[in-house]
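Dear colleague,

Please find below the structure that I am handing over to you. My findings follow directly after it.

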Amino acid sequence: MSINKSLVVILTALNLEYEAVRERLTGLAVRQHAAGTRFEVGRIGQSGPRVALGLVGKGNHPSAVLAERAITEFRPAVLLFVGVAGGLRPSVALGDVVVASKIYAYHGGTSKDDGLKARPKAWEIPHEADQVAHHVARAGEWRRGLGAGTNPQVHFGAIAAGEVVQDSAVSAQARWIRQHYNDAMAIEMEAAGVAQAGHLNRALPVVVVRGISDRADGSKAVTDGQNWQPRAARHAAAFATALAQEMTIESGHRGDGMPNGQGSALMSMKNENLASGNARVGVQAGQIHGNVIIGTSPDEPLDLAASIADLRIRLKQACLDGRLDEETYAAAEVELDAATGCLRDGSATNEGGLLMSLKRLRGLVADVSELAARLAIIIAAARGLA
């Protein structure tokens with residue numbers, strides 16, 4: 001599965017959390033999954049990274065299913081789960097933001113004669129994401145636009161995720177949390193599902209960002225009446241979108257010319273070819289990693305079916321990246337389907353139809369150089385059949 005390094009998925013559980021993130025996006029367009037889930041795809045600000053925004057509802061189970069769906073649909077660089085939570089520490093104020101350094105699925109256990117024994121699952125934040133989140137917190141720019149006198153703090157710590165709304169400091173569940181998860185700073189209902197989905201998708205980075213809207217101690221009705229939910233959701237959305245911008249920068253190339261994860265700078269040079277007589281320079285490259293294949297071997301004819309299948313994947317990626325609009329993508333899919341059908345039937349008439357469909361497709365994607373170049377090779381091979 002190729003990763004779209006310029007796109008981030010942000011999921012929320014509640015509508016007010018969704019709206020808090022949505023307010024920070026521009027150019028929104030609806031994208032519907034085949035199973036009916038609707039996402040909105042836009043950008044952070046006018047020139048920030050692309051974001052696919054989705055609503056999962058309450059609970060770890062739906063959050064896991066829809067996180068998996070979003071990952072498969074968009075292949076993001078990172079998945080952020082953003083919203084509100086109950087605070088468990090006096091040092092964490094209402095409106096503060098908690099970034100999960102660890103997520104506990106606290107309902108795992110085994111029941112014995114002498115009581116319930118904890119058997120939790122836990123997921124830690126990936127190291128690079130943790131480093132970037134600390135940088136965003138230190139810089140403090142994420143608070144811009146929150147309003148004068150608004151100064152929420154960012155905390156890094158464990159978050160407990162279960163299947164119930166905790167609103168008591170003395171209940172059996174509250175005592176259970178304090179006994180077995182006494183390092184938890186906040187409690188909520190979805191993070192474990194999202195973390196599991198990320199873990200099962202080749203350890204996709206997942207970051208959970210929660211604004212504290214209540215204290216999980218019986219005072220939720222009061223804090224909700226004071227509008228702490230929308231305020232905490234706005235604070236979480238502000239931090240999360242700043243984090244998304246920074247993480248997409250980190251997943252690409254830094255401004256100093258150093259690619260992430262490599263120990264040497266990209267080669268920067270001016271190539272100059274000097275030749276005399278009938279000499280010609282075929283290929284010149286500054287730095288090459290791995291195998292390089294130019295053209296196709298005359299002994300290995302192009303596999304049209306495989307090439308068209310590969311082109312379909314690249315078409316979808318171009319649409320996700322914003323290089324191809326939805327209407328053009330839909331028309332291109334129609335031509336690809338027609339070409340695939342002609343190739344499968346294999347008659348001389350259908351071979352001519354194959355070529356016509358590919359030519360119409362070329363006209364649709366002419367502005368995307370990568371697709372146009374691949375189509376030129378496929379069309380040349382198709383001409384050999386017609």
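E40 counts as buried, at 12% relative accessibility; here buried means under 20% relative accessible area, exposed means over 50%, and partly exposed lies in between (1.4 Å probe, protein chains only). Please note that this is a predicted model, in which local features need pLDDT of at least 70 and side-chain atom pairs count only at pLDDT 80 or more, while totals for chains, interfaces and linings use all residues. Residues are numbered from 1 along each chain as its sequence is written, and side-chain values use heavy atoms, with hydrogens and water left out.

Salt bridges

E40 has a charged partner: its side chain meets that of R22 in a salt bridge, at 2.7 Å from N to O. The term stands for a side-chain nitrogen of Lys or Arg within 4 Å of a carboxyl oxygen of Asp or Glu. The pair links distant parts of the chain, since R22 belongs to helix α1 (residues 15–22) and E40 to strand β3 (residues 38–44), 18 residues apart. Helices (H or I, at least four residues) and strands (E, at least two) are DSSP runs, numbered from the N terminus. Unlike the buried E40, R22 is partly exposed, with a relative accessible area of 32%.

How many salt bridges does a search of the whole structure find? The search gives 16. One of local character joins D224 to K220, whose closest N and O atoms are 3.0 Å apart. Both residues lie in helix α6 (residues 220–225), 4 residues apart, or about one turn of the helix. This spacing fits a general rule: an α-helix has 3.6 residues a turn, so residues three or four places apart point the same way. D224 is partly exposed at 29% relative accessibility, whereas K220 is buried at 18%.

A further salt bridge is formed by the side chains of R360 and E335 (3.1 Å, N to O). Because R360 sits in helix α10 (residues 348–364) and E335 in helix α9 (residues 326–345), the pair ties together parts that are 25 residues apart in sequence. R360 is partly exposed at 42% relative accessibility, and E335 is buried at 14%. In addition, D310, R314, R323, E370 and R374 are joined into one network by salt bridges that share partners.

E335 also takes part in another set of contacts. S357, in helix α10, is in contact with E335, A338 and A339, leaving aside its neighbours within four places in sequence; contact means heavy atoms within 4.5 Å. S357 is buried, at 3% relative accessibility.

Two helices with a buried side

Helix α2 (residues 60–74) has 15 residues, which should span 21 Å at 1.5 Å a residue, and its end C-alpha atoms are indeed 21 Å apart. The expected span is 1.5 Å times one less than the number of residues. Its buried residues are N60, S63, L66, A67, A70, I71, E73 and F74. They cover an arc of only 165 degrees around the axis, and therefore lie on the same side of α2; the arc is that of the directions from the helix axis to the C-beta atoms. Just after α2, R75 takes a positive phi of about 50 degrees.

In helix α11, the buried residues include L371, L375, I378, I379 and A382. Their arc is only 105 degrees around the axis, which puts them on the same side of α11.

Nonpolar cores

Which residues have the most contacts inside the largest nonpolar core? They are L80, W142, V207, F239 and L243, in a core of 37 residues. Such a core is a set of buried Ala, Val, Leu, Ile, Met, Phe, Trp, Tyr and Cys residues joined through side-chain atoms within 4.5 Å. Among the elements that each supply at least two residues of this core are β1 (4–12), β5 (76–87), β12 (206–214) and α7 (228–251). The largest share, 11 residues, comes from α7. L243 touches L80, V132, A133, V136, V207 and V209, not counting residues up to four places away in sequence. Apart from this core lies another, of 36 residues, among them F74, V92, A197 and V208.

Cysteines

The count of disulfides (pairs of cysteine sulfur atoms within 2.5 Å) comes to 0. C319 is buried at 4% relative accessibility, and C342 is buried at 12%.

With kind regards
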